[in-house]
Amino acid sequence: MKFNNPRHALRWAYETINTPIIKISSVNAMRGPDGAGGVPEGELTPYDRHAQAALIVSLCERALPAVYMAYIRVQFGREAGGFHLLARHLAANFGTGLHSRRGIEQIIRAYCGEKIGLREIRKCMACGTLKAAALRNGGYDALDLIHVQTMDILEREMHSRGLLRTADALERA
């Protein structure tokens, strides 16, 4: 399967990994007299799709530094395992002083699309609105930089392995 860009590949991979291979409704359909049908010619089986999704994730794990992989896990996989490393990275970017781990996690969650307002971040950080906005914007800037660098690395890796469509194929589509 070819993808438009690394973001498309990652979205597809994590969506596929989080989808069960065999659904109960399809098992029930196989029990009937017409349930012996296979997969149409040229289409990937659920097992093949899961294998390709695992290949994409393992490519990321081999090619990316730990902080970038933590970002991928949080942004695309919605996994809590990446929060610790990303929170440490953001706290280091904020400079000196003790910052609330919960507040930093809320900044990361807000960046990833959750509906978290500045008021909640301010309460967790125990600071004023201007300081909370500055911390949020600084966190967003750091996460934007990680995103750009991650996608750049993955674009080169996926292109060299033939996982991405070429520019000519994208124009025809």
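Helices here are DSSP runs of H or I at least four residues long, numbered from the N terminus. With that in hand, start the tour. The model is predicted.

**Whole chain**

Select the protein chain and show it as a cartoon. Its pattern along the sequence reads α-α-α-α-α-α-α-α-α. That makes nine helices and zero strands.

Switch to a surface. The protein chain exposes about 10500 Å². Carbon and sulfur atoms supply 53% of that area. Now colour by burial: 36% of the 173 residues count as buried.

Next, draw the contacts. Take those between residues at least 6 apart in sequence; 68% of them join residues at least 24 apart.

**Helix α3**

Select residues 46-63, which form helix α3. How far apart are its end C-alpha atoms? They are 26 Å apart. At 1.5 Å a residue, the 18 residues should span 26 Å, so the model agrees with the expected span.

Keep α3 and show side chains. Pick out His50, Gln52, Ala53, Ile56, Val57, Leu59 and Cys60, the buried residues of this helix. A general point helps in reading such a list: an α-helix has 3.6 residues a turn, so residues three or four places apart point the same way.

What covers these buried residues of α3? The cover includes α1 (6-17), α4 (66-75) and α8 (129-160). Add those three helices to the view.

**Where α4 meets α8**

Hide everything but α4 and α8. Their axes come within 10 Å. They cross at roughly 100 degrees. Angles of 65 to 115 degrees count as roughly perpendicular, and α4 and α8 are therefore roughly perpendicular to each other.

Now show the side chains where the two helices meet. On α4, select Val67, Tyr68, Tyr71 and Ile72. On α8, select Leu143, Ile146, His147, Gln149, Thr150, Met151, Ile153 and Leu154. These two sets are in contact.

**Two cysteines**

Last stop: select Cys124 and Cys127. How many disulfides does the structure hold? It holds zero.

Why is Cys124 not bonded to Cys127? The sulfur of Cys124 has its closest cysteine sulfur in Cys127, 10.0 Å away, which is too far for a bond. A disulfide needs the two sulfur atoms within 2.5 Å. Seen from Cys127, the closest cysteine sulfur is that of Cys124, again at 10.0 Å.

Check their burial too. Cys124 is partly exposed, with a relative accessible area of 26%. Cys127 counts as buried, at 19% relative accessibility. The cut-off for buried is under 20%.

Conventions: Residues are numbered from 1 along each chain as its sequence is written. This is a predicted model: local features need pLDDT of at least 70, side-chain atom pairs count only at pLDDT 80 or more; totals for chains, interfaces and linings use all residues. Side-chain values use heavy atoms; hydrogens and water are left out. Buried means under 20% relative accessible area, exposed over 50%, partly exposed in between (1.4 Å probe, protein chains only). Contact means heavy atoms within 4.5 Å. Accessible areas come from the Shrake-Rupley method with a 1.4 Å probe; for residues, only the protein chains shown count as cover. The expected span of a helix is 1.5 Å times one less than its number of residues. Axes are lines fitted to C-alpha atoms, for helices over the stretch in contact, and angles run from 0 to 180 degrees between N-to-C directions. Angles under 35 degrees count as roughly parallel, over 145 as roughly antiparallel, 65 to 115 as roughly perpendicular and the rest as oblique.
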